[in-house]
Amino acid sequence: MRTFFAIAALCLSVGFAHAGGETPSNPDAKVYFVNLSDGDTVQSPVTVVFGLSGMGVAPAGTDKENTGHHHLLLDRPPLGEGEDGEDELANGLPADDNHMHFGGGQTEVTLDLSPGQHTLQLVLGDAGHVPHSPPIVSEVITITVE
């Protein structure tokens, strides 16, 4: 019986680690790419327009229910996966070349991308850059820059 409870506790802790932060999200919320689709071939510079439904956009630091701001994951594994995946979900998204923050409430960006394939994923973060619970993420798309 002790083994059962230990396994159950482990499963619950793993589940919570992949659930995002403490800020609740609207279960109907969606974040998506407005002007790009998986498999698109584009020219650089690339304008990426962010879409959001079911929640509102607010600058980082704004603690208002059902709001957040955009983050763009570029050329990295999907949110929660890879070397720093669990930290992204629990502690917030780092700011580096693969995790772009739009804490001013921006809804688009123009990027100079090198020729070749690139992966993109949108993530909505709360006031402190932590994904909501459950996380609001787009599908990962792959684009080719000519």
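The following dialogue asks how several descriptions of this predicted model are justified.

Student: What should I keep in mind about the numbering and the model?
Tutor: This is a predicted model, in which local features need pLDDT of at least 70 and side-chain atom pairs count only at pLDDT 80 or more, while totals for chains, interfaces and linings use all residues. Residues are numbered from 1 along each chain as its sequence is written, and side-chain values use heavy atoms, with hydrogens and water left out.

Student: How do you know that β3 and β7 pair?
Tutor: Two strands pair if DSSP finds at least two bridges between them, and strands themselves are DSSP runs of E with at least two residues, numbered from the N terminus. Strand β3 (residues 46–53) and β7 share four bridges in the antiparallel sense, so the criterion of at least two is met. One of the partnerships is that of Thr-47 with Thr-110 in β7.

Student: What makes β1 and β7 the edge strands?
Tutor: The open sheet of three strands has the order β1-β3-β7, with antiparallel pairing, and β1 (30–33) and β7 (108–111) each pair on one side only.

Student: Why is Asp-75 called partly exposed?
Tutor: Buried means under 20% relative accessible area and exposed means over 50%, with partly exposed in between. Asp-75 has 36% relative accessibility, and therefore counts as partly exposed. Asp-75 is placed in the loop between β5 (67–74) and α2 (85–91), and has a positive phi of about 55 degrees although it is not a glycine.

Student: Why is His-129 also given as partly exposed?
Tutor: Its relative accessible area is 23%, so His-129 is partly exposed. His-129 lies in the loop between β8 and β9, with a positive phi of about 70 degrees although it is not a glycine. Most residues other than glycine have a negative phi, and most peptide bonds are trans.

Student: Which peptide bond leading to Pro-45 is called cis, and what is its omega?
Tutor: The bond from Ser-44 to Pro-45 is cis, with omega near 5 degrees, and Pro-45 is found in the loop between β2 (41–42) and β3. Ser-133 and Pro-134 are likewise joined by a cis peptide bond, with omega about -5 degrees.

Student: What makes a set of residues a nonpolar core?
Tutor: The members are buried Ala, Val, Leu, Ile, Met, Phe, Trp, Tyr and Cys residues joined through side-chain atoms within 4.5 Å. In the largest such core, of 23 residues, Phe-33, Val-46, Val-48, Leu-72 and Leu-120 touch the most other members, and β3 gives the most to this core, with four residues.

Note on methods
Buried means under 20% relative accessible area, exposed over 50%, partly exposed in between (1.4 Å probe, protein chains only).
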